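Trainee: I would like a close look at one part of this model. Please pick a single helix and take me through its surroundings.

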Amino acid sequence: MTYFYARVSSKDQNLDRQLEAARSYEGKIDRIFVDKESGKNFERPSWKEMCSVLSLGDLVIVLDLDRIGRNYEETPKEWARITKEIGADIQVLNMPLLDTRKNGNDLTERFVADLVLQILVYVAENERRTSKRRQKEGI
């Protein structure tokens, strides 16, 4: 099965850009899961539901890595849980290097993908923290 996961941080934000990406896979996506929740953790209803139906060989597609999460410690753990424990694949459309279907057996490709994952998750959490700080400051 192929699933698309879309997330925005609040109820008033727009999902159109992500859903447009999902539409480009017309007929290839079995189900779309949507959350309007922060990426600071994985306590999101649709994320939990999607993970509960994932099984070996399934594919999760997201437009950007930060749609999965913006937590430096938890996002890589969640990535590993899906790809290693469950045995599903993840494809990040805007970062082709982060496609676990491509780099399963090559050690160098896996190393580079893991490194990129760590860097992008760091950037995502840092953006979240900066945004929160600016909101508090009223910017």
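Mentor: What follows is a walk along one helix, then out to its neighbours.

This is a predicted model. Confidence comes before detail. The mean pLDDT of the protein chain is 89, and 97% of its residues reach 70 or more. Helix H2 (residues 45-53) has the highest confidence, with a mean of 98. H4 has the lowest, with a mean of 79.

The part to look at is helix H3, residues 74-86. Which of its residues are buried? They are Thr75, Pro76, Glu78, Trp79, Ile82, Thr83 and Ile86. The cover over these buried residues includes H2, E4 and H4.

Take Thr75 in H3. Thr75 counts as buried because its relative accessibility is 0%, and the cut-off for buried is under 20%. Beyond its sequence neighbours within four places, Thr75 contacts Phe42, Ile68, Gly69, Arg70 and Val121.

Now the charged side chains of H3. Opposite charges can pair when the charged atoms come close. Glu74 and Lys77 form a salt bridge, with the closest N and O atoms 3.8 Å apart. Both sit in helix H3, 3 residues apart, about one turn of the helix. Glu74 is partly exposed, at 33% relative accessibility. Glu78 and Arg81 meet in a second salt bridge, at 2.7 Å from N to O. This pair also lies in helix H3, again 3 residues apart and about one turn. Here the partners sit in unlike settings: Glu78 counts as buried at 11% relative accessibility, whereas Arg81 counts as partly exposed at 26%.

The helix ends at residue 86. Just after H3 comes Gly87, with a positive phi of about 85°.

Next, the packing around H3. Nonpolar side chains tend to be buried together in soluble globular proteins. The largest nonpolar core here has 23 residues. Trp47, Met50, Leu54, Leu65, Ile68, Trp79 and Leu98 have the most contacts inside it. The elements giving two or more residues to this core are strand E1 (2-8), H2, strand E3 (59-62), H3, strand E4 (89-92) and H4. H4 gives the largest share, 4 residues. Trp79 is one of the buried residues of H3, and Leu65 touches Trp79. Leaving out residues up to four places away in sequence, Leu65 also touches Val92, Leu98, Leu117, Leu120 and Val121. Another core, of 10 residues, lies apart from the largest one. Among its members are Ala6, Val8, Ala21 and Leu63.

H4 spans residues 107-137. Leu115 lies in H4 and is partly exposed, with a relative accessible area of 43%. Leu115 belongs to a nonpolar surface patch with Tyr72, Leu97, Phe111, Val112, Ile119, Tyr122 and Val123. Together these residues have about 710 Å² of accessible area. Glu137, also in H4, is partly exposed at 47%. From Glu137 to Leu56 the C-alpha distance is 46 Å, with their positions 81 residues apart in sequence.

Last, the other salt bridges. The structure holds 10 of them. Arg70, one of the contacts of Thr75, is linked with Asp66, Arg67 and Glu127 in a network of salt bridges. Glu43 pairs with Lys48, with the closest N and O atoms 2.7 Å apart. Glu43 is exposed, at 53%, while Lys48 is partly exposed, at 44%.

Methods
Residues are numbered from 1 along each chain as its sequence is written. This is a predicted model: local features need pLDDT of at least 70, side-chain atom pairs count only at pLDDT 80 or more; totals for chains, interfaces and linings use all residues. Side-chain values use heavy atoms; hydrogens and water are left out. Buried means under 20% relative accessible area, exposed over 50%, partly exposed in between (1.4 Å probe, protein chains only). Patches are made of residues with over 30% relative accessible area and no salt bridge: like charges are joined within 9 Å, nonpolar side chains (Val, Leu, Ile, Met, Phe, Trp, Tyr) within 5 Å. Accessible areas come from the Shrake-Rupley method with a 1.4 Å probe; for residues, only the protein chains shown count as cover. A salt bridge is a side-chain nitrogen of Lys or Arg within 4 Å of a carboxyl oxygen of Asp or Glu. Contact means heavy atoms within 4.5 Å. pLDDT is the predictor's confidence in each residue, from 0 to 100. A nonpolar core is a set of buried Ala, Val, Leu, Ile, Met, Phe, Trp, Tyr and Cys residues joined through side-chain atoms within 4.5 Å.
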